[in-house]
Amino acid sequence: MKTNKYIRIITTIAALWVIQANAQNPLIMDQFTADPSARVFGNRVYVYPSHDIIATATRGRLGWFCMEDYHVFSSEDLTNWTDHGVIVTQNKVAWVKPDSYSMWAPDCIYRNGKYYFYFPTTPKDTTKGKGFTIGVAVGDKPEGPFVPQPEPIKNVRGIDPNVFIDKDGQAYLYWSAGNIYGARLHENMLELTSEVITLQELPSKGLKEGPFMFERNGKYYLTYPHVENKIERLEYAIGDNPLGPFKITGTIMDESPTGCWTNHHSIIPFKNQWYLFYHHNDLSPDFDKARSIRADSLSFNEDGTIRKVTPTLRGIGISKANSTIQPDRYSAISSYGAGIDFLDTTNRFLGWKTIFEQPGAWVQYNTVDFSKVPEKMVELRAFTTTGASLVIRTKDPAGTVIAEFTLPKGQGWQNHKYKVKELKGGIQNLVLQLKGAGKVEIDWIRFE
Ligand code: FUB
């Protein structure tokens with residue numbers, strides 16, 4: 001009896017651990033996620049991504065996208081993300097081919113007390129045309145439950161739905177199928193009320209998909225991934241009306257540095273800052289159909305053009321000093337002697353470690369919140385077979401030393417605790433630096 005109770009407690013703790021994630025980039029570390037449509041509902045950001053899984057001989061098509069359901073995630077601080085679980089599954093929607101594994105990029109929007117979740121996938125009925133069509137599921141809360149409509153939206157063929165509601169209350173549906181299309185949506189959000197328009201003034205060569213529309217200062221920004229060279233990069237065009245005409249204006253994010261062929265994004269303002277949500281293949285460097293969602297801050301020039309976003313590992317949100325801080329998600333790194341690697345290449349979901357192997361090498365991790373408790377100790381999980389002396393500084397690599405210690409030689413990963421010298425409260429950048437010779441790997445650090 002006692003053992004059963006013990007197992008139940010452990011299982012509950014494990015379940016809680018799985019649904020609450022403390023994130024930098026990528027945002028979600030316990031599953032693959034892609035195509036993030038971020039939305040602000042109330043005082044939280046909700047992200048509706050696709051959910052990549054790996055195809056096998058009996059599910060999906062080997063070596064291709066494989067997606068059977070959708071989760072929704074939310075956060076009020078952009079650091080702690082809650083997984084609300086599965087909201088729509090391929091074999092629970094009447095019109096969907098139940099073994100198509102093609103639940104591609106979705107979107108969600110709020111109107112008149114309801115949340116409308118739009119998703120593209122393969123229908124059972126192929127007599128009305130080939131390929132993807134787009135359906136809607138309706139819920140009373142942003143995390144569902146969502147009830148799928150019995151039929152997909154009429155006259156829509158394609159992928160990557162995106163919904164935009166203008167200031168006058170008119171809603172628009174955008175989607176892609178090589179080109180980008182748009183149409184007005186009925187107030188019921190379930191049917192089109194206009195002809196389908198092919199948005200013309202966009203690049204004529206190279207695939208365009210994943211439209212995301214937003215309005216700022218009376219300008220309409222039609223943003224989209226486009227293959228200008230070999231793989232997708234995020235671009236945008238600006239217009240005075242939601243259906244154009246548009247003027248090609250610039251690039252939001254260059255092609256993935258790791259070669260992920262797709263990118264897919266959304267752009268939102270939240271608490272006085274704009275953010276770009278997008279994806280790379282961080283947790284699957286050798287297979288780019290198993291992607292991971294990310295986010296970075298975005299800003300505008302005076303003339304309304306978008307400043308190009310450079311993908312970071314640090315991402316967004318403030319890390320609490322007493323949480324496990326991952327220096328491998330650094331904001332800056334020395335040009336020598338420091339690097340990162342997976343903790344375990346057979347299970348990449350365990351994340352990364354930072355490796356220091358030259359005197360003076362450092363990594364900087366920005367925006368750590370020391371405001372609540374005056375921290376007295378720093379704990380870190382480290383692995384060193386040589387022994388190693390480390391210093392922790394605030395601000396930058398020349399900043400004040402707040403802790404200095406020597407890790408003893410050891411076998412395997414070990415936790416160590418050291419005293420922190422005087423430390424100012426507030427939001428601080430942290431620098432971790434190897435002082436002398438030796439090699440050390442760090443999993444995380446935390447203050448207490
Ligand atoms: O996730 C499947 C497809 O890859 C999406 O629908 C596209 O936008 C691309 O990200």
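Reader: By class, how many nonpolar, polar and charged residues does the shell around the ligand have?

Author: Happy to start there, with the reminder that this is a predicted model. The residues around the ligand are D35, F65, M67, W104, A105, I159, D160, E209, T262, H264, H279 and R291. Sorted by class, that shell holds five nonpolar, three polar and four charged residues.

Reader: Which distance separates a polar side-chain atom of D160 from an oxygen atom of the ligand?

Author: Let's take the polar contacts one at a time. For D35, a polar side-chain atom sits 2.5 Å from an oxygen atom of the ligand. In H264, an N or O atom of the side chain is 2.7 Å from a ligand oxygen. For D160, the distance from a polar side-chain atom to an oxygen atom of the ligand is 2.4 Å.

Reader: How much of the ligand's accessible area does the protein cover?

Author: D35 is one of the residues that place a polar side-chain atom by a ligand oxygen, at 2.5 Å. On its own, the ligand has 280 Å² of accessible area. The share of that area covered by the protein is 99%.

Reader: Why does H279 count as buried?

Author: H279 belongs to strand 19, which spans residues 273-280, and is also one of the residues around the ligand. The cut-off for buried is under 20% relative accessible area. H279 is buried because its relative accessible area is 0%.

Reader: Which residue has its backbone nitrogen 2.9 Å from a polar atom of the side chain of H279?

Author: A good place to look is the contact list of H279, leaving aside neighbours within four places in sequence. That list includes A34, D35, P36, T262, H264 and R291. The backbone nitrogen found 2.9 Å from a polar atom of the H279 side chain belongs to D35.

Reader: What radius of gyration does the chain have?

Author: The chain is built with one helix and 31 strands. For 448 residues the globule rule gives 22 Å, and the chain's value is close to that, so the chain is as compact as a globular protein of that length. Its radius of gyration is 24 Å.

Reader: What percentage of the contacts in the chain with a separation of 6 or more comes from residues 24 or more positions apart?

Author: For some background, the C-alpha atoms fill a box of roughly 70 × 65 × 40 Å along the principal axes. Buried residues make up 54% of the 448 residues in the chain. Among contacts with a separation of 6 or more, the share from residues 24 or more positions apart is 58%.

Reader: How much of the area that the chain exposes do carbon and sulfur atoms supply?

Author: The chain exposes about 20,200 Å². The part of this supplied by carbon and sulfur atoms is 52%.

Reader: Where is G351, and is this residue buried or exposed?

Author: G351 is found in the loop between strand 23 (338-342) and strand 24 (352-356). Not counting residues up to four places away in sequence, G351 touches M29, D341, F342 and L343. With a relative accessible area of 4%, G351 is buried.

Reader: How far apart are the C-alpha atoms of T82 and Y220?

Author: T82 has its place in strand 5, residues 80-89, and counts as buried at 13% relative accessibility. Along the sequence, T82 and Y220 are 138 residues apart. In space, their C-alpha atoms are separated by 31 Å.

Reader: Which residue does a cis peptide bond join to G244?

Author: One cis peptide bond in the model runs from N25 to P26, with omega near 0°, and P26 lies in the loop between strand 1 (20-22) and strand 2 (34-41). For G244, omega of the cis bond is about 5°. The partner has its place in the loop between strand 16 (233-239) and strand 17 (246-253). The residue joined to G244 is P245.

Reader: Is L78, with its positive phi, buried or exposed?

Author: L78 is not a glycine, yet its phi is about 65°. Its place is in the loop between strand 4 (69-75) and strand 5. At 3% relative accessibility, L78 counts as buried.

Reader: And N217, buried or exposed?

Author: N217 is a residue other than glycine with a positive phi, near 50°. It lies in the loop between strand 14 (212-216) and strand 15 (219-226). Because its relative accessibility is 67%, and the cut-off is over 50%, N217 counts as exposed.

Definitions and conventions: Residues numbered from 1 in each chain as written. Predicted model: local features only at pLDDT ≥ 70, side-chain atom pairs only at ≥ 80, totals over all residues. Heavy atoms only, no water. Helix = DSSP H or I, 4+ residues; strand = E, 2+ residues; numbered from the N terminus. Buried < 20%, exposed > 50% of the residue type's maximum accessible area, 1.4 Å probe, protein only. Contact = heavy atoms within 4.5 Å. Near = heavy atom within 4 Å. Polar contact = N/O pair within 3.5 Å; in protein donor to acceptor, adjacent residues only side chain to side chain. Areas by Shrake-Rupley, 256 points an atom, 1.4 Å probe, with all protein chains shown as cover. Nonpolar A, V, L, I, M, F, W, Y, C, P; charged D, E, K, R; others polar. Rg over C-alpha atoms; globule rule 2.2 N^0.38 Å.
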